[in-house]
Each structure stands twice: as C-alpha cells, then as structure tokens.
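Biologist: Could you take me through this structure, beginning with the overall fold and then moving to the interior and the surface?

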Amino acid sequence: MPLERETNKSPVSQSPSCVELASTEVPLNDRCILTVAPKKRGRRADTSGKSRDAILEAALQIVCEKGAGALTIEAVAERAGFSKGGVLYNFPTKEKLTQGMVEREVARFSCMLETERLKQGDCPSPTLAALVEVAETWIKSNETGPRGILLTHVSAPDLCEPFLAHKERLREEMIRETGHLARAMLIWTSLEGLLMSYAHGVMRFNTSELTLYFKELRELVRSPFLTEEN
C-alpha cells in the first residue's frame, strides 16, 4: 500500500510589515495533499487604533520631511508598510487621511495640555501655565506635530477646523481664568510665535536660551500680571 504523505501545517505568522494568508491545501490525488504557502503581501490595515495610528504617523512624517505636496496614499502605504488597499480601508480619500492626521495631532496636544492643567491648579491661569509646559516639551523634544499641522493648513485650510476650534476653546478658558485676554495673549502669542518659527525652521535657540525663556514665562504666568486690575 502506498504511504500516505501530508505536509506539516504550521500556524500563520505575522510581522509588523506583512501578514501571510492562510495556507491552501491542493489535493494531488486521493492520498496525497500538497500545502501551498501563499506569497507575502503588504499588510492590510483594519479599523483598530494601532493600524490607524501607524498610518497617520507615516502621513505626518511624510508631510514634515517632504511637504504636504508629497502626501499620497501610495507614499503613506509604503512608509507605513501597508498595502494601498489597507490604507484606503481606513481612509477612503486623501482628504480623509489629512483630516485624520490633523484630528490626531489636536487630540494628542489636548491630552498633553489637560494633563498639565491638572498640575497647575494654584496658578492664576492653569491653561496658560499648561501651554508653557507643553510648548517647552514639544520644542525641546523636536516634536513634529506643530510642523505637520502648519503645513497641512497651508495646503488644505478647510481641513484644520478641529485645530481652530481647539484654539477658540483655549481662548475662552483664558478669558474665564484671567479676565484679561490682552495680557493672556501676550504670553499665548509669544508661545505660538516660537512654535511656528520652529515649525517653519526659520529660528533656533540653544538650550540655555530656551531654558531662560521658559523660566521667565513661568514666573510671569504665576505673577499678578494676569489678574491684577488695570
């Protein structure tokens, strides 16, 4: 009697860059089975947070490195290690991808800001004090978020509504906390100018200069300057 043969079946393996499809069994005859391993393909994205975040991070890197004009579905798929279909599964259009990138950065900034606000309860304006801390963190760690949002706004201003809405909420908080929007704006616009200068790459300060700048701002936001009567 002929010996029955069947290849071993191993579980499907996964890596960060690709996903192998399940093996296909092809009968050669009634007593012999050949297991055919499929070719590796670019990994397909799903709607999980990790997949979406990986795609959006790749989009942000491309915008920051090469400009908003270089942002394409194909470029993002290659950078993130996904198939083009995987990217489109999560973001059907380039507009949706850009919007998602902006919303992600706004949410990340808001989360950092809220965390810092909880630490600044004894300050006349916890919002401004938190902005000082977050701005220092972003600049000293060379964060790409501000640059990505700026370049996206230049190429597609209508898609930055979440960012503008967030700014309006900050404005309302500052008025509520201090009662002096003009004074709060002196600090706020100073921070905004610094962030934009770094985002554009047109201004740099050394570490000691930045440390002194943020030290002075911390003292200012804790002084009577923000709350004293005219």
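Modeller: What follows covers the fold, the nonpolar cores, the aromatic pairs and a surface patch. Please bear in mind throughout that this is a predicted model.

Biologist: How many helices and strands does the protein chain have?

Modeller: The secondary structure comes to nine helices and five strands.

Biologist: What pattern do they follow along the sequence?

Modeller: Read along the sequence, the pattern is β-β-β-β-β-α-α-α-α-α-α-α-α-α.

Biologist: What share of the residues counts as buried?

Modeller: Of the 230 residues of the protein chain, 38% count as buried. The chain exposes about 13,600 Å², and carbon and sulfur atoms supply 56% of that area.

Biologist: And what share of the contacts comes from residues far apart in sequence, 24 or more positions?

Modeller: Such residues account for 64% of the contacts with a separation of 6 or more. For a pair of residues separated along the chain, take Ile55 and Ala80: they are 25 residues apart, and their C-alpha atoms are separated by 5.7 Å. Ile55 belongs to helix α1, residues 49-66.

Biologist: Is Ile55 buried or exposed?

Modeller: Ile55 is buried, because its relative accessible area is 0%, and the cut-off for buried is under 20%.

Biologist: Turning to the interior, which residues touch the most other members of the largest nonpolar core?

Modeller: They are Leu128, Leu131, Leu191, Phe214 and Val221, in a core of 26 residues. Two or more residues of this core come from each of α4 (94-117), α5 (126-140), α7 (161-178), α8 and α9.

Biologist: Which element gives the most?

Modeller: Helix α5 does, with nine residues.

Biologist: What does Leu191 touch, leaving out residues up to four places away in sequence?

Modeller: Leu191 touches Leu131, Val132, Ala135, Tyr213, Phe214 and Leu217. Apart from the core just described lies another one, of 18 residues, and Ala58, Ala59, Leu71 and Leu97 are among them.

Biologist: A change of topic: how many aromatic pairs are found in the whole structure?

Modeller: The search finds two aromatic pairs. In one of them, the ring centres of Phe109 and Trp138 are 5.4 Å apart with the planes at 85°, so this pair is edge-to-face. It links distant parts of the chain, since Phe109 is in helix α4 and Trp138 is in helix α5, 29 residues apart.

Biologist: Why do those two count as buried?

Modeller: Phe109 counts as buried because its relative accessibility is 14%. Trp138 counts as buried because its relative accessibility is 5%. Both values fall under the 20% cut-off.

Biologist: What about Tyr213 and Phe214?

Modeller: Tyr213 and Phe214 also form an edge-to-face aromatic pair, with 5.0 Å centre to centre and 80° between the planes. Tyr213 is partly exposed, with a relative accessible area of 24%, whereas Phe214 counts as buried at 0%.

Biologist: Finally, the surface: which residues make the nonpolar patch?

Modeller: Val202, Met203 and Phe205 make a nonpolar surface patch of about 280 Å².

Biologist: Where is Phe205 found?

Modeller: Phe205 is in the loop between α8 (181-200) and α9 (207-221). Its relative accessibility is 38%, so Phe205 counts as partly exposed.

Methods:
Residues are numbered from 1 along each chain as its sequence is written. This is a predicted model: local features need pLDDT of at least 70, side-chain atom pairs count only at pLDDT 80 or more; totals for chains, interfaces and linings use all residues. Side-chain values use heavy atoms; hydrogens and water are left out. Patches are made of residues with over 30% relative accessible area and no salt bridge: like charges are joined within 9 Å, nonpolar side chains (Val, Leu, Ile, Met, Phe, Trp, Tyr) within 5 Å. Accessible areas come from the Shrake-Rupley method with a 1.4 Å probe; for residues, only the protein chains shown count as cover. A salt bridge is a side-chain nitrogen of Lys or Arg within 4 Å of a carboxyl oxygen of Asp or Glu. Helices (H or I, at least four residues) and strands (E, at least two) are DSSP runs, numbered from the N terminus. Buried means under 20% relative accessible area, exposed over 50%, partly exposed in between (1.4 Å probe, protein chains only). A nonpolar core is a set of buried Ala, Val, Leu, Ile, Met, Phe, Trp, Tyr and Cys residues joined through side-chain atoms within 4.5 Å. Contact means heavy atoms within 4.5 Å. Rings of Phe, Tyr and Trp (its six-membered ring) pair if their centres lie within 6.5 Å; planes under 30 degrees apart count as stacked, over 60 as edge-to-face and the rest as tilted.
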